[in-house]
Amino acid sequence: MIKWVYEIDYPVGEKRAYLEWVRSIAETLQAPDELKRLVSYDNVFAASPQRVVEFYFDSLEDAGKYFDRKELVPIFQAQLPAHGTNIRTTALVLRADYNKDTLDRLATGD
């Protein structure tokens, strides 16, 4: 499992405009089959990052196909920078290190 994370701050006084823009693109973001899950969060403390958006994919290849789609390129390369600030991205791969079953197997040597 690959998780692609966007950390975004709202331009000063523009949270409402950002949310309206997100509603206008939500269906386009969710449509491609490569995307398995899309989740967003607001920071409870209103600190940076103010918004975190997580995109889930089965593989890095699927993530690449998703972000290269012609209908998504303008959203991420032009529209997002026009609606958000301090944008950072991270790509993560899921590991089982903290999974209770994995820890139990490591402890017993299985």
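A residue is called buried under 20% relative accessible area, exposed over 50%, and partly exposed in between. By that rule R37, with a relative accessible area of 48%, is partly exposed. The model described here is predicted, and R37 offers a convenient point of entry to it.

R37 belongs to strand β2, which covers residues 35-42. Leaving out residues up to four places away in sequence, R37 touches E54, F55 and Y56. With one of these, F55, the separation along the chain is 18 residues, while the C-alpha to C-alpha distance is 6.0 Å. With another, Y56, the relation is one of charge and ring: R37 lies over the face of Y56, at 5.4 Å from the ring centre.

These contacts lead from β2 into the sheet. Four strands form an open sheet in the order β2-β3-β1-β4, and the pairing is antiparallel. Because β2 and β4 stand at the edges with a single partner strand each, one side of each is left without a neighbour in the sheet. From one strand to the next, the twist averages 15 degrees.

The pairings can be followed across the sheet from the β2 edge. Strands β2 and β3 are joined in the antiparallel sense over 7 bridges, and within this pairing Y41 stands opposite V52 of β3. Next, β3 (residues 51-57) pairs with β1 (residues 2-9), again antiparallel and over 7 bridges. Several positions mark the register between β1 and β3: I2 stands opposite F57, V5 stands opposite E54, and E7 has V52 as its bridge partner. V52 is thus matched with E7 and also with Y41. On the other side of β1, strand β4 (residues 85-93) completes the sheet through an antiparallel pairing of 7 bridges, in which D9 stands opposite T85.

Strand β3 deserves separate attention. Of its 7 residues, 7 are buried, so β3 is largely enclosed by the rest of the structure. Both of its faces are covered: R51, V53, F55 and F57 are buried on one side, and V52, E54 and Y56 on the other. Y56, the residue whose ring lies beneath R37, therefore counts among the buried residues of β3, whereas R37 itself, at 48%, falls in the partly exposed range.

Helices pack against this sheet. Helix α1 touches β1, β2 and β3, and its direction makes about 170 degrees with that of β2. Helix α2 lies across β1, β2 and β3 as well, running at about 120 degrees to β3.

Sheet and helices both contribute to the largest nonpolar core, which has 19 residues. The residues with the most contacts inside this core are Y6, F55, F57, Y66 and F76. At least two core residues come from each of β1, α1 (15-30), β3, α2 (60-67) and α3 (73-83), and α1 gives the most, with 4 residues. The surroundings of Y6 illustrate how distant segments meet. Apart from neighbours within four places in sequence, Y6 is in contact with R51, V52, V53, F55, F67, F76, L80, I87, R88 and T89.

Aromatic residues recur throughout this picture. A search of the whole structure finds 13 aromatic pairs. The rings of F57 and F67 have their centres 5.7 Å apart and their planes at 65 degrees, so this pair is edge-to-face; the cut-off for that class is an angle over 60 degrees. Since F57 lies in strand β3 and F67 in helix α2, the pair ties together parts that are 10 residues apart in sequence. F57 has a relative accessible area of 0% and is buried. F67 counts as buried too, at 15% relative accessibility.

F67 also forms an aromatic pair with Y66, edge-to-face, at 5.0 Å centre to centre and with 90 degrees between the planes. Y66 and F67 are both buried. Ring pairs link W4, Y6, F55, F57, Y66, F67 and F76 into a cluster. Among the members of that cluster, Y6, F55, F57, Y66 and F76 are the residues with the most contacts inside the largest nonpolar core.

How values were computed. Residues numbered from 1 in each chain as written. Predicted model: local features only at pLDDT ≥ 70, side-chain atom pairs only at ≥ 80, totals over all residues. Heavy atoms only, no water. Pairing = 2+ DSSP bridges. Core = buried A, V, L, I, M, F, W, Y, C linked by side-chain atoms within 4.5 Å. Buried < 20%, exposed > 50% of the residue type's maximum accessible area, 1.4 Å probe, protein only. Contact = heavy atoms within 4.5 Å. Phe/Tyr/Trp six-rings, centres within 6.5 Å; stacked < 30°, edge-to-face > 60°. Lys NZ or Arg CZ within 6 Å of the ring centre and 35° of its normal. Axes fitted to C-alpha atoms, helices over the stretch in contact; angles between N-to-C directions.
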